[in-house]
Amino acid sequence: MTSTRPAETGTVTALRRPPIRQATTVRSDREHTFDVFVSTIGQWWPLQPYSAGKERVRTVHVEPRVEGRVYERWDDGTECDWGHLLAWEPPARLVMTWNMTPAPTEVELTFTALGPALTRVAVEHRGWEALSDAQLGEDCARPGGYAGGAFVRGWEEILGRLTAAAEADAPDIA
């Protein structure tokens, strides 16, 4: 009898770790929503607990260009990089490395116009394959890490804060 099974090569393929996907709908036009994300991130982002410097953070900046930094600046002038922009397509999309995990991951945000004053903001946080099993379980800003759902809850909270900020000063669309 002839076997149809492929020959074993002795290599092991790691199981893929799915990205985190979250989205929110914002009652604001796409340009304004994108601008709020980029220009006022330090005002609405929940720095406690989602920053390296916590209470020491004074500002957060996004350098609006490919290879631009996303970083926080502390009260003593220290700067801590959150990541670098890999794609910059205002007001539709940005992609950045995410250095706030034990090994760098990647975050993509898309801003889709659903109407003149309605925008869907979606985040995909991917690249979890770069982390070991132990790192996936490590606490981040919230207990549980990736394995325990902390990043899912974190992105829900962050998108909620973005929604509130963008809607609070959304321009009237006639």
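## Sheet and helix packing in a predicted model

A hairpin of six residues leads from strand 5 to strand 6. The structure described here is a predicted model. Strand 5 and strand 6 are antiparallel partners, held in register by six bridges. Within this pairing, Thr97 lies opposite Glu106 of strand 6.

A second hairpin, through two residues, connects strand 6 to strand 7. These two strands, residues 105-115 and residues 118-126, run antiparallel and are joined by nine bridges. Two positions illustrate the register: Val107 has His125 of strand 7 as its bridge partner, and Leu109 stands opposite Val123 in strand 7.

### The sheet as a whole

Strands of a sheet pair through backbone hydrogen bonds, in either a parallel or an antiparallel sense. In this model, seven strands make up an open sheet with antiparallel pairing, and their order is 1-7-6-5-4-3-2. Strand 1 (20-26) and strand 2 (57-62) occupy the edges; each has a single partner strand, so one side of each is left without a neighbour in the sheet. From one strand to the next, the twist averages 20°.

### Helices on the sheet

Helix 1 (residues 30-39) lies across strand 1, strand 2, strand 4 (79-89), strand 5 (93-98), strand 6 and strand 7. Its direction is at about 150° to that of strand 6. Helix 4 (residues 150-168) also packs on the sheet, where it touches strand 1, strand 6 and strand 7. The direction of helix 4 makes about 20° with that of strand 1.

Two packed helices are described by the angle between their axes and the distance between the axes. For helix 1 and helix 4, the axes come within 9 Å and cross at roughly 120°. Helix 1 is therefore oblique to helix 4. The crossing of helix 1 past helix 4 is right-handed.

On the side of helix 1, the residues that meet helix 4 are His32, Thr33, Val36 and Phe37; their counterparts in helix 4 are Leu162, Ala165 and Ala166. By class, this contact comprises five nonpolar residues, two polar residues and no charged residues.

### Two buried positions

Thr33 belongs to helix 1, whereas His125 belongs to strand 7. Their accessible areas and contacts are set out below; the contacts leave out residues up to four places away in sequence.

| Residue | Relative accessible area | Residues touched |
|---|---|---|
| Thr33 | 0% | Val26, Ser28, Phe111, Thr119, Val121, Leu162, Ala166 |
| His125 | 0% | Pro19, Ile20, Trp98, Thr101, Thr105, Glu106, Val107, Phe151, Trp155 |

Thr33 is buried because its relative accessible area of 0% falls under the 20% cut-off. The residues that Thr33 touches include Leu162 and Ala166, both of which are also among the helix 4 residues met by helix 1.

His125 is likewise buried, with a relative accessible area of 0%. Among the residues that His125 touches is Val107, its bridge partner. Glu106 is another residue in contact with His125, and Glu106 is also the residue opposite Thr97. The C-alpha atoms of His125 and Arg21 are separated by 6.6 Å, although these residues are 104 residues apart along the chain.

Notes:
Residues are numbered from 1 along each chain as its sequence is written. This is a predicted model: local features need pLDDT of at least 70, side-chain atom pairs count only at pLDDT 80 or more; totals for chains, interfaces and linings use all residues. Side-chain values use heavy atoms; hydrogens and water are left out. Two strands pair if DSSP finds at least two bridges between them. Axes are lines fitted to C-alpha atoms, for helices over the stretch in contact, and angles run from 0 to 180 degrees between N-to-C directions. Contact means heavy atoms within 4.5 Å. Angles under 35 degrees count as roughly parallel, over 145 as roughly antiparallel, 65 to 115 as roughly perpendicular and the rest as oblique. A crossing is left-handed if the near helix is turned anticlockwise from the far one by less than a right angle, and right-handed if clockwise. Ala, Val, Leu, Ile, Met, Phe, Trp, Tyr, Cys and Pro count as nonpolar, Asp, Glu, Lys and Arg as charged, and the others, Gly among them, as polar. Buried means under 20% relative accessible area, exposed over 50%, partly exposed in between (1.4 Å probe, protein chains only).
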